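Subject: Structure handover

Hello,

I am passing on the structure we talked about. Please open it alongside this message.

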Amino acid sequence: MRFTPRMRQIFQVLLKEPSAISVRQLAEQIGVSRRTVQRELEYISTPLNEYGLTFVSKTGVGIWIEGKEEDKQQLLADSMEGDGYDVGNREERRKRLILEILKEKGLRKLYYYSSQFGVSEATVSTDLEAVEGWLGKYGLAVGRKPGSGISIEGSEESYRRAIRAFIDENIDTRVVREAYGEEGGMLAGMPFADSNVGKILDDRVMERVVAIVQRIGHERIRNMTENSYKGLLIHIAIAIDRILKQEMVEDTEAWKQADAKDEDYRLAKRIVEELEQEFQVSIPEVEVSYICLHIKGAKHERIAWDEEKSLEIESREMQQLVNDMIDVFDPEQGYLMKQDDGFIQGLLAHLQPTLVRLVYGMQIPNPVLEDIKDSYPDMYRSCEKVAKVLEAYTGKQVPEQEIGFLTVHFGAAMVRLEGRKEEIRKVQAGVVCSSGIGISRLMSSKLEKVFRGRMELAAYGKKDITPYIAGKTDFFISSIPMDGLGVPVVYVNPLLSEGDIEKIRQTVYKYERLPGKHKGADSFSSQLEEINLMAAQIGTVIKYMDFFKVDNRISFGELLIAIGERLSPYSDRQEMIREDILRREHIASQVFAEFGFALLHARTKGVTRPEFSICMTKDLGAFSHPYFKGIKMVFVMLVPMDGNLKVNTDIMGYISSMMIEEYEFMDVVARGDKEEIRGALSQHLKRYFNRYIGKLA
């Protein structure tokens, strides 16, 4: 049962008094005015009835509580527990005020809220002015009627959005944990705990909604992130709760854009049919569209692509939007970011639900937003510029929560880009305990999960470490004292605290960027094999470099056919080359008008060796077809699907960087002399090879 702070005080005084007392005596013990106590006593009968108790007031005698002694003791115990509400915490008090306002749209007097929160009516009035700004963001206003009270004014759609936004913003806070149970019962379908701050929704409605959604068990729902899943449940529960109260969303055109053939729409329709049967209500078609749009706007743990199956986006408009976002983020390194397939695919997958949320004003929580702002301020500011591109595209303001998610995507791309500039290797680490059997194995297991392949881990007992083992190990991780090894040791607690993990992470970061240890004939032989492979692949690229010319009026599709015929005599391989380049083009355009060239690159089964080719028009002028945006040259880089992927990718990555950084090479290409181009390419790859050998030394 919920009690106001002041009601708790009244119960504690009355239940401890052996006989009746006057209202004046009660007010003195609590420390408030007699009038305040009298107004509070108007509401006392309802909670007492639930305990089988009765409030009695007799003129000339006083007031008291009647009932069984055990019921009185139970009420006293419950009132003593309290909810820990801090009346002086302004932020928490105002959140509670919003919660109470959203829970009940009808008229309420200021005294009601004053009594609920244990503050003066003047304080409530000040709090109301503060929360009006929050409500206004969702199209709601506080209506004041002198002598009657306050109420919410706005459309049903705005009202629902405000409820959803409030829960989203506070999904992990004490206010909502109190309202919906401490242990995420909402997800498990368990009954919810009674709340001391009140609920917006009927917990029985929520339980039934959870059961229906879990019973449907659709893959789209199972793949949602935890917060998106919670959001869907809350959204549906809000809709049912409002429909049961005869409150309907206005049937506007904005919610009629869902396609009945769309998979998400069919899923929403199925959910609604189950809800209608469960709650015995008729749900309007507009609610189906509403649920469909929520599903589309949700974030997912997994998306439907991997190394073999790429996400295809048919819209050239979407591809251009991604390119514009990258260009604004970093004009200098944007070109290299566009070559990161994983980043492009991930950003496209993220944008689809993001655009739905922006267009329809849907909110999504970002629990790490403040951490992102604090830890990566420069990256966040760059993504604020990216958000302006989205705002221009949608005509809607991009909230900072979405900017935070963009920062994560772009930040990961920059980390990968920096990693490609450095030679990152796997670190050799040893985990040591007294025997090498118990604790060290447990620590190794945890470290493998944390560092996911960045370290080659081996477990040792203290007596197992020979000069050979020390010679091949970058550093040891130990829970016991070590000395005389000549190798760095990171000392940790066997349970590996967060501080220990951070020390190890810093050490790994250092050794990833240092040359590895090479001891003995086996290591030297391995080095020779690596050098020979790199030399052979570089030699292949130079030897088979191709240069050819095509008609100025050629289309993009015709060019892909010409490339396939040029690089393979076999029709099936020609088709593989065409399809793989086109697949990559569908992810994001490889035509870079700002640099004057296109870079068509792909990993394909259509070639058996790394291929580097250059295509220009017959008069060395610009391609005239609009698709090429006035460029004058097309570079083709193809890598076979074999065991030499890293070596080949590194070589091609160097060449692509060279196109941006080495103006002299581009001047040579522009003159259109095949052997001159081959000579310039050879000189640059020679420098690359020398640097590669230097890093192995």
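Below is what was found in it, from the overall figures down to single residues.

Please keep in mind that this is a predicted model.

Overall

The protein has 697 residues, and 50% of them count as buried. Its secondary structure comes to 31 helices and 13 strands. If contacts are restricted to residues at least 6 apart in sequence, 70% of them join residues at least 24 apart. The exposed surface is about 34,000 Å², and carbon and sulfur atoms supply 49% of that area.

Cysteines

The number of disulfides in the structure is 0. Two of the cysteines were looked at for burial. Cys383 has a relative accessibility of 0%, and because the limit for buried is under 20%, Cys383 counts as buried. Cys615 is also at 0% relative accessible area, so Cys615 falls in the buried class as well.

Aromatic pairs

The count of aromatic pairs comes to 13. One of them is Phe475 with Tyr511, where the ring centres lie 5.8 Å apart and the planes meet at 25°, a stacked arrangement. Which elements does this pair link? Phe475 belongs to strand S7 (residues 475-478) and Tyr511 to helix H25 (residues 498-512); the two residues are 36 apart, and the pair links distant parts of the chain. Phe475 and Tyr511 are both buried.

A further pair is Phe595 with Phe597. The ring centres are 6.0 Å apart and the planes stand at 20°; planes under 30 degrees apart count as stacked, so this pair is stacked too. Are these two rings buried or exposed? Phe597 is buried, because its relative accessible area is 1%. Phe595, at 30% relative accessibility, counts as partly exposed, because 30% lies between the limits of 20% for buried and 50% for exposed.

Phe595 and Phe597 also belong to one aromatic cluster, whose other members are Phe592, Phe612 and Phe635.

Charge over a ring

The last item concerns Arg609 and Tyr544. The charged end of Arg609 sits over the Tyr544 ring, at 3.6 Å from the ring centre.

For a quick look in the viewer, I would select Phe475 with Tyr511 for the stacked pair that joins strand S7 and helix H25, then the cluster that includes Phe592 and Phe635, and then Arg609 over the ring of Tyr544.

Regards

Definitions and conventions. Residues are numbered from 1 along each chain as its sequence is written. This is a predicted model: local features need pLDDT of at least 70, side-chain atom pairs count only at pLDDT 80 or more; totals for chains, interfaces and linings use all residues. Side-chain values use heavy atoms; hydrogens and water are left out. A disulfide is a pair of cysteine sulfur atoms within 2.5 Å. Buried means under 20% relative accessible area, exposed over 50%, partly exposed in between (1.4 Å probe, protein chains only). Rings of Phe, Tyr and Trp (its six-membered ring) pair if their centres lie within 6.5 Å; planes under 30 degrees apart count as stacked, over 60 as edge-to-face and the rest as tilted. Helices (H or I, at least four residues) and strands (E, at least two) are DSSP runs, numbered from the N terminus. A charge sits over a ring if NZ of Lys or CZ of Arg is within 6 Å of the ring centre and within 35 degrees of the ring normal. Contact means heavy atoms within 4.5 Å. Accessible areas come from the Shrake-Rupley method with a 1.4 Å probe; for residues, only the protein chains shown count as cover.
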